[in-house]
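Welcome! Let's take a friendly look at a protein model together, one question at a time.

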Amino acid sequence: MASSVAVENLNPKVLKCEYAVRGEIVIHAQRLQQQLQNQPGSLPFHEILYCNIGNPQSLGQQPVTFFREVLALCDHPYLLQREEIKSLFSADSISRAKQILALIPGRATGAYSHSQGIKGLRDAIAAGITARDGFPANADDIFLTDGASPGVHLMMQLLIRNEKDGILVPIPQYPLYSASIALHGGALVPYYLNESTGWGLEISDVKKQLEDARSRGIDVRALVVINPGNPTGQVLAEENQYDIVKFCKNEGLVLLADEVYQENIYVDDKKFHSFKKIVRSLGYGEDLPLVSYQSVSKGYYGECGKRGGYMEITGFSAPVREQIYKISSVNLCSNITGQILASLVMNPPKAGDESYASYQAEKDRILTSLARRAKALEDAFNNLEGITCNKAEGAMYLFPRINLPQKAIDAANAANKAPDAFYALRLLESTGIVVVPGSGFGQVPGTWHFRCTILPQEEKIPAIISRFKVFHEAFMAEHRD
Ligand SMILES: Cc1ncc(COP(=O)(O)O)c(CN[C@@H]2CONC2=O)c1O
């Protein structure tokens, strides 16, 4: 009997879901990469430059030595019995690995752990949060996850009952949110970041969107904030954060604070303030339901493939927390390597530790290089005809706006593509550079953008800029009105 499975009879929520970061342009890039391997010299470039995804180590960034030493020793405890490891590993990596193994039941990284994650590692993460914020954190509020993504899905699963349940999401947004809301059958309620004020968040606009949604019978459950922003790269001003927290308190909204880029700040006039700290500073204590997301995929560690992270949940009642625990327990636990890494990220070497100097040097080298790359690309984009680009204050991306000539827009329409997708495809086919069209993140209707990461190794940035410039000038000349 022929298989009954066909696109026509799949879950419509799956069909509705989209995730542009690895969408059409990237799939085409992978085809071109295959072509380059099979027929070298057949394209006007010799390599594909993936500037579509925040995946630092795929572009040459080195992992942090201390983190990897501890992971290696935890995964092969036999090494700890060998004298010679003293010549291969730092003393504090050895001692940290021993501490961590003592926290793991059976001292086995291959065992399932508690569904929230190993208690001792959650204690360490709570201590790190407390040190970061100056307000206490509790291990029982922490759920270790396989990256931040599953934690986002879990909250959407918890909050969305039907298509009348809405989630306020910034536009432009990281499409995990639109994809997860679609997968869970909810309503995305957009609030627009203001490009002219450096992607500022206007509470007046959020309120207007909330009231409009409510007038349409949407029960708005939560507000998502991504700080530093993806794809926009802005770092919220502290007073803006106070406004957001007060707004959520007044409107009875769950605050979903995506803070995976908290270590990626490139400008001196902005600092990262966690929403947990803001909530506590306002004295809201447990009166505001807040979920804070962190990940090992970003920062200076960029350990995307290790799938580590956590969500800290505060301000939820005990019965609700039980439901969150129950959903977490269905997946048994997150991977132990990711759990260990999350505890290391939140508790790195301290002054006086043997690895501190080398750790700090690695961290500073990566972050200062990211800041230089951000500035170089921002300046380059701003020097191209018809392109304006806000500063990348943080995160890993630039999100320039292209003012496309009508002729280009007509050509895109004729090709049945969004104008920024048309531009991105032409860029790829001319230069091998892969960016993600702004339409994949959402944008004010009638504006066009693309997202480019700041991640290619620093020595490649000048070549990227020059290839981009040649392409852009030719594209604009070809489509000049
Ligand atoms: C804002 C934001 N939240 C959550 C995630 C999920 O990360 P993990 O699940 O790995 O913890 C990402 C990943 N950033 C994607 C992946 O690379 N480029 C992006 O835009 C992100 O940018």
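The questions below go through the ligand site and then the enclosed space in this predicted model.

Q: Which residues come nearest to the ligand?
A: A residue counts as near when one of its heavy atoms lies within 4 Å of the ligand. There are 17 residues around the ligand. Those that come nearest are Ala 148, Ser 149, Asp 258, Tyr 261 and Ser 295.

Q: How many residues of the shell around the ligand are charged?
A: The shell can be sorted by class, with 7 nonpolar and 6 polar residues. The charged residues in the shell number 4.

Q: Which domains each give at least three residues to the shell around the ligand?
A: One of them is made of two stretches, 7-60 and 361-479, and the other runs over 112-345. They are domain 1 and domain 3.

Q: How much of the ligand's exposed area does the protein bury?
A: Polar side-chain atoms reach oxygen atoms of the ligand: Ser 149 at 2.6 Å, Ser 297 at 2.7 Å and Arg 307 at 2.7 Å. Taken alone, the ligand exposes 500 Å². Of that area, the protein buries 95%.

Q: Which pocket does the ligand take up?
A: Let's look at the space that the ligand fills. That space is the largest pocket.

Q: Which residues are closest to the centre of the largest cavity?
A: The count is 1 cavity of 30 Å³ or more, and the largest cavity holds about 70 Å³ of space. It is lined by 14 residues. Closest to its centre are Pro 170, Leu 193, Ile 226, Gly 229 and Gln 234.

Technical notes. Residues numbered from 1 in each chain as written. Predicted model: local features only at pLDDT ≥ 70, side-chain atom pairs only at ≥ 80, totals over all residues. Heavy atoms only, no water. Polar contact = N/O pair within 3.5 Å; in protein donor to acceptor, adjacent residues only side chain to side chain. Areas by Shrake-Rupley, 256 points an atom, 1.4 Å probe, with all protein chains shown as cover. 1 Å grid on protein atoms, 1.4 Å probe; cavity = no way out; pocket = protein on both sides within 12 Å on 5 of 7 lines; lining within 4 Å. Sits in = over half its atoms within 2 Å of the grid points. Nonpolar A, V, L, I, M, F, W, Y, C, P; charged D, E, K, R; others polar. Domains from an automatic or database assignment. Points joined across faces, edges and corners; volume = space filled by probe spheres on them.
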